[in-house]
Amino acid sequence: MYLREILNSKGHTVHTIDSSATLEDVVQKLVRHNCGSLVVVDPKSSSGRMVGIITERDILRACASHKAALSALKVSDTMTANVVIGGPDDAVEDTMGLMTDKRIRHLPVMEEGQLLGLISLGDIVKMQHDQLTMENHYLKNYLHS
Ligand code: AMP
């Protein structure tokens, strides 16, 4: 199974935030979209160039640091700029290895410089669970026929 199949099933929506926004904006957007990460885009780029990623983990760290109120902290100072990405033709097994290795739960998928979608560890677990359930169903039917 490949990442393209997961994206075709879950959709290609990627929630984004400007690098000039605040962490309070991030919290509001994460809650509104019920998701765990936002791809950070350059507000000066018309094509929405990806410049980083910010996740719930980063918000938690910012809260623990007690540096300032979330409304006073900028996304650009908190995000991870060195984004690990995947490609649509990457195998799910390899991607699980990569995400486990890098300790990340969110992976933007890019093709020819364009953001194609975002895959979370949860999406991968769901896809594998669905596949195992289907295989189990067919095996049981085969054994009882
Ligand atoms: P997560 O487990 O995805 O919530 O992220 C844990 C940490 O890794 C946070 O500091 C994120 O900013 C960072 N992170 C998450 N996804 C990526 C990614 N695809 N590339 C680089 N860093 C990431």
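Which residues of H3 are buried? In this predicted model, the buried positions of the helix include Asp 58, Ile 59 and Ala 62. Viewed along the axis of H3, the buried residues lie within an arc of 100°, and they therefore line one face of the helix. A general point about helices helps here: with 3.6 residues a turn in an α-helix, residues three or four places apart point the same way. The other side of H3 carries Leu 60, Arg 61 and Ala 64, which are exposed. As for packing partners, the buried residues of H3 pack against H2, S3 and helix H4 (75–78). Just beyond the end of H3, His 66 adopts a positive phi of about 50°.

The wider setting is the largest nonpolar core, which has 15 residues. Among its members, Ile 17, Leu 23, Val 26, Val 40, Ile 54 and Val 75 touch the most other members. At least two residues of this core come from each of helix H2 (23–33), strand S2 (37–41), strand S3 (50–55) and helix H3 (56–65). The top contributor is H2, with three residues. It is worth pausing at Val 26: leaving aside residues up to four places away in sequence, Val 26 touches Ile 17, Leu 38, Ile 54, Ile 59 and Val 75. Ile 59, one of these contacts, is also one of the buried residues of H3. Apart from this core lies another, of eleven residues, including Ile 6, Leu 7, Leu 107 and Ile 119. In soluble globular proteins, nonpolar side chains tend to be buried together.

Notes
Residues are numbered from 1 along each chain as its sequence is written. This is a predicted model: local features need pLDDT of at least 70, side-chain atom pairs count only at pLDDT 80 or more; totals for chains, interfaces and linings use all residues. Side-chain values use heavy atoms; hydrogens and water are left out. A nonpolar core is a set of buried Ala, Val, Leu, Ile, Met, Phe, Trp, Tyr and Cys residues joined through side-chain atoms within 4.5 Å. Buried means under 20% relative accessible area, exposed over 50%, partly exposed in between (1.4 Å probe, protein chains only). Helices (H or I, at least four residues) and strands (E, at least two) are DSSP runs, numbered from the N terminus. Contact means heavy atoms within 4.5 Å. The arc is that of the directions from the helix axis to the C-beta atoms.
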